[in-house]
Structure formats: structure tokens, C-alpha cells
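Let's take a friendly walk through this structure, one part at a time. Keep the viewer open as you read.

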Amino acid sequence: MPSALRHTLFIVAPLIAIFAVLPGVYQNHLLLFNFVIFLILAQGVNIIYGFTGYLPFGYVGFFGAGAYGFAILVMHYQAPAVIAVLVAGLVGVVLGLLLTPLLRLSGAYFAIANLAASLAVLHFVANPALEDITRGPYGVSLTGTFNPTFAYAAALLVLALTLSVVVFLKNSRFGLALQAVREDAVSASMAGVNVVKMRVIAWLASALVAGLAGGVYAWYVSVFYPDNVFSGEFSIFAIVFALFGGVATICGPIIGVVILYGIYNLIGFTTPQYFQLIYGLLIMGLVLFLPAGLVSLATRRGWHVP
Amino acid sequence: MFGSVTPAFGADATVTSFAIVVLGSLGNPLGTALGGIVYGVCYMLVQTYLSSWADLLPYVLLIFILLLRPSGLLGRRVRVA
């Protein structure tokens with residue numbers, strides 16, 4: 001069996017099936033939805049950070065732009081939600097295209113510039129001068145399209161798309177070339193890899209995923225403010241989850257989201273007063289003792305992790 | 001806003017001062033002073049003529065300086081590609 005098929009059958013399909021069944025068993029649908037959103041975002045970070053080495057500290061910029069793309073289309077053009085979600089993905093891609101010059105930077109400089117870019121988009125959207133278009137800082141309310149069931153299904157579709165992108169990257173020459181570029185761009189270009197094109201495609205793919213996630217999120221919550229959808233928490237969580245599991249793998253970010261976001265909610269439910277303290281200590285411990293993620297526990301022993 | 005203290009107090013100032021340090025050039029005190037002056041003058045100009053866009057300024061300055069001269073205004077020219 002080719003490994004792409006194996007990954008799809010044994011990782012992607014069970015995950016989607018579990019999340020498709022869970023709403024029938026578990027009552028807290030918002031929590032499940034957030035799990036799906038973070039799975040998408042963590043895999044999006046995986047696409048850009050795991051395969052190209054660019055740390056997108058302002059990843060939430062695409063997410064928020066997607067949410068507002070959805071909102072504007074629904075508010076001003078009364079578009080059906082499905083089309084609005086597609087446009088949200090497009091908005092993410094367009095923002096990604098606008099920010100492609102940032103890929104000239106490397107390392108920390110890229111992370112800083114990306115963070116600045118996401119904050120710039122936030123302040124642009126939240127500007128009271130644009131109240132006619134984005135409702136400025138006063139938030140949007142999209143009660144007309146409110147439909148959590150369909151929004152959840154759409155989120156699962158986006159998750160399936162994201163996972164298939166990662167499976168493709170993991171099993172194709174394209175993904176291999178990207179990882180070569182990550183390790184050493186000069187050697188890769190000497191070996192005939194078109195470095196710029198590769199990076200831009202991975203960048204736009206992760207922007208598309210985040211834009212779609214933003215659109216679905218806007219559909220699900222239907223009332224939100226700029227500070228909600230551009231909250232730095234999304235970038236930080238997505239990056240932490242992806243890193244905790246281990247990037248450049250398919251399972252890594254999934255494990256990261258399930259364990260860390262699970263713990264996050266467990267602490268939130270049981271001992272909310274120690275919540276940030278416990279979580280902060282946990283992340284510090286992980287960074288100190290497992291910098292390459294949970295999957296490194298297996299890879300260190302020579303086991304292959306897809 | 002005045003007269004209230006919260007744990008998240010000053011997060012905006014952190015981002016702004018970080019933008020100024022990068023604008024001047026990291027590790028160069030003179031650059032930081034210059035960056036501060038550039039930022040302050042630009043901020044006041046934007047606030048006078050386009051007041052609602054003033055919050056956008058530090059981020060836009062940061063992106064532009066990182067794209068045009070990643071080492072900052074007074075930094076030595078190093079290739080960071």
C-alpha cells in the first residue's frame with residue numbers, strides 16, 4: 001500500500017470520523033468545534049513552519065482576515081454561507097500574496113514582521129473610520145447565517161482539506177523539496193529546486209487554510225469583535241500545539257492539539273484560578289525537556305512516525 | 001484608561017518600543033534614540049492629519065524597515081537572506 005493511502009486511511013479518516021461522531025455523544029459542541037479549529041490552525045502552522053522553517057508568529061492575521069472576509073460578504077452582499085467561506089479562504093490567500101515579500105526575511109526577523117503584519121491588519125479592520133465596511137471596533141453580528149450544525153460540518157471539511165495537504169507534503173517530491181529548502185536553501189537550489197516558488201506555494205497554502213478556518217469560525221460564532229478573531233492566542237496556541245506534538249509530521253500537531261488543548265480545558269473546568277500558572281509551567285517544561293516535540297520520544301528510539 | 005492597573009498593562013508600549021528598537025537597529029543605543037525620534041514625529045504627524053490610523057503606524061513602520069533595511073536605520077549592512 002502506498003504510504004499516502006496508508007496515512008489517509010489510518011490517520012486522516014479515523015480523525016474525521018471521530019470528530020463527525022462526537023457531537024452526537026458529547027454535549028459541549030463549542031468545545032468540539034474549537035478542537036477542530038485548532039487542529040486546522042496547528043496543521044496550517046505545520047505546513048509553513050514544519051516544511052519551510054518560517055515561524056508565522058502572526059498566523060492569526062489570516063484567520064481574522066478570513067473571518068472578516070466572511071462577515072463582509074454576508075453583511076453587504078447577502079451571500080450564502082458556503083460561498084462566503086470560500087471567499088474567506090480567498091481573502092487569506094490574497095493577504096498571503098500581499099505578505100510574500102516578508103519571505104525575504106529569515107528567522108526571528110520573519111516572525112517579528114509577520115506579528116507586526118497581523119497587528120496591522122487588526123488595527124486596519126478595527127479602525128472606526130471603516131465602520132461602514134467592517135463595523136470597526138464594534139463587532140459584527142451575522143445572525144442570518146447562524147447554523148452551528150452546517151458550520152461544524154464545514155469545519156470538518158476544511159480539516160480534511162488541511163490534512164490532505166499535509167499528507168501530500170509528507171509523501172511527495174514537493175514536500176521533500178520543501179524540507180530540503182528548509183535545511184539548506186543554497187544546496188537545494190543547486191540541486192534544481194525552485195526555492196522561491198516552493199516557499200510561496202507553501203506560504204499561500206497555509207494562508208488558505210487559515211482563511212478558510214476563519215470563515216468557518218465566523219459562521220459558527222456569528223457574533224464577534226476584531227479583538228476576538230485577531231486574538232494573539234490563536235497564533236500562540238497553534239504554534240505551541242504544533243511544536244508540542246512535533247512539526248513536519250502528520251500526527252505531531254494532532255497529538256499536540258488533543259493533549260494540550262485537552263489539558264487546557266481540563267484545567268479551565270476544574271481549577272480555573274491556577275489555569276494560566278499551570279499552563280505556563282507546562283509549556284516551559286516542554287520547551288526545556290522536549291524541544292523537538294512529543295514525536296521525538298519515538299524518533300529517538302528509531303521508530304518511524306508518519 | 002488612566003488610573004487603572006492590570007496585569008496586561010503596558011503590552012502596547014512593549015510592542016511600540018520593540019518596533020522603535022528594530023527601527024533604529026538592534027544593539028545600537030544611538031539607533032534606538034533615532035528610531036524613537038522618527039517614530040514620535042511620524043506618530044504625531046499621522047495623529048494630526050489621519051488620526052484614526054495612528055495605531056497602525058508602529059506595525060507599518062516595522063514591516064517597512066524590515067523589508068527595506070532589516071538591520072535597522074543605523075545598522076551595518078548585513079545580508080540576512
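## Chain B in outline

Among contacts in chain B between residues at least 6 apart in sequence, 53% join residues at least 24 apart. The chain you are looking at belongs to a predicted model. Its secondary structure comes to three helices and zero strands, so from the N terminus on the order reads α-α-α, going by DSSP runs. The C-alpha trace of chain B spans about 45 × 30 × 25 Å along its principal axes, and 28% of the 81 residues of chain B count as buried.

## How confident is the prediction?

For the model as a whole, the scores are ipTM 0.74 and pTM 0.87. Chain B averages a pLDDT of 81, and 91% of the residues score at least 70. Which elements of chain B mark the two ends of the range in mean pLDDT? The lowest value belongs to helix α1 (residues 11-24), at 82, and the highest to helix α2 (residues 29-49), at 90. As a general caution, where pLDDT is low, the predicted coordinates should not be read in detail.

## Helix α1 of chain B and the turn after it

Start with the length of α1(B). At 1.5 Å a residue, its 14 residues should span 20 Å, and the end C-alpha atoms are indeed 20 Å apart. The buried residues of α1(B) are T16(B), A19(B), I20(B), V22(B), L23(B) and G24(B). What do they pack against? Their partners are α5 (107-125) of chain A, together with α2 and α3 (57-68) of chain B.

Just after α1(B) comes S25(B), with a positive phi of about 150°. S25(B) is found in the loop between α1 and α2 of chain B. The sign of phi deserves a look, as this is a residue other than glycine. In general, most residues other than glycine have a negative phi. Is S25(B) buried or exposed? S25(B) counts as buried because it has 22 C-beta neighbours inside 10 Å, and the cut-off for buried is 20 or more.

## Where the chains meet

At the interface, 16 residues of chain A are in contact with 15 residues of chain B. On the chain A side, the residues that touch chain B divide into 12 nonpolar, three polar and one charged.

## The largest nonpolar core

The largest nonpolar core has 119 residues. Those that touch the most other members are L41(A), A155(A), A213(A), V216(A), A238(A), F241(A) and L62(B). Helix α10 (residues 195-221) of chain A gives the most to this core, with 16 residues. In soluble globular proteins, nonpolar side chains tend to be buried together.

For a closer view, pick F241(A). Leaving aside its neighbours within four places in sequence, F241(A) is in contact with F38(A), A42(A), P253(A), G256(A), V257(A), L260(A) and Y261(A).

## Helix α2 of chain A

Helix α2 (residues 29-52) of chain A has 24 residues and reaches 34 Å from its first C-alpha to its last, close to the 34 Å expected at 1.5 Å a residue. There is nevertheless a kink of about 30° in α2(A), centred on N46(A). This helix is mostly covered, with 18 of its 24 residues buried. Just after α2(A), G53(A) takes a positive phi of about 85°.

## Three residues of chain A to inspect

S222(A) sits in the loop between α10 and β2 of chain A. Phi of S222(A) is near 60°, a positive value in a residue other than glycine. Why does S222(A) count as buried? The reason is its 21 C-beta neighbours inside 10 Å, which meets the cut-off of 20 or more.

Y225(A) lies in the loop between β2 (223-224) and α11 (226-229) of chain A. Y225(A) is partly exposed, with 15 other C-beta atoms within 10 Å. The C-alpha atoms of Y225(A) and R301(A), 76 residues apart along the chain, are separated by 47 Å. L161(A), in helix α7 (residues 148-171) of chain A, is also partly exposed, with 17 other C-beta atoms within 10 Å. Between L161(A) and V247(A), 86 residues apart along the chain, the C-alpha separation is 18 Å.

Key:
Residues numbered from 1 in each chain as written. Chains lettered and ligands numbered in written order. Predicted model: local features only at pLDDT ≥ 70, side-chain atom pairs only at ≥ 80, totals over all residues. Core = buried A, V, L, I, M, F, W, Y, C linked by C-beta atoms within 7 Å. Buried ≥ 20, exposed ≤ 12 C-beta atoms within 10 Å, placed from the backbone. Helix = DSSP H or I, 4+ residues; strand = E, 2+ residues; numbered from the N terminus. Contact = placed C-beta atoms within 7 Å. Nonpolar A, V, L, I, M, F, W, Y, C, P; charged D, E, K, R; others polar. Expected span 1.5 Å × (residues − 1). Bend = angle between axes of the 7 residues up to and from the residue. pLDDT = per-residue confidence, 0-100.
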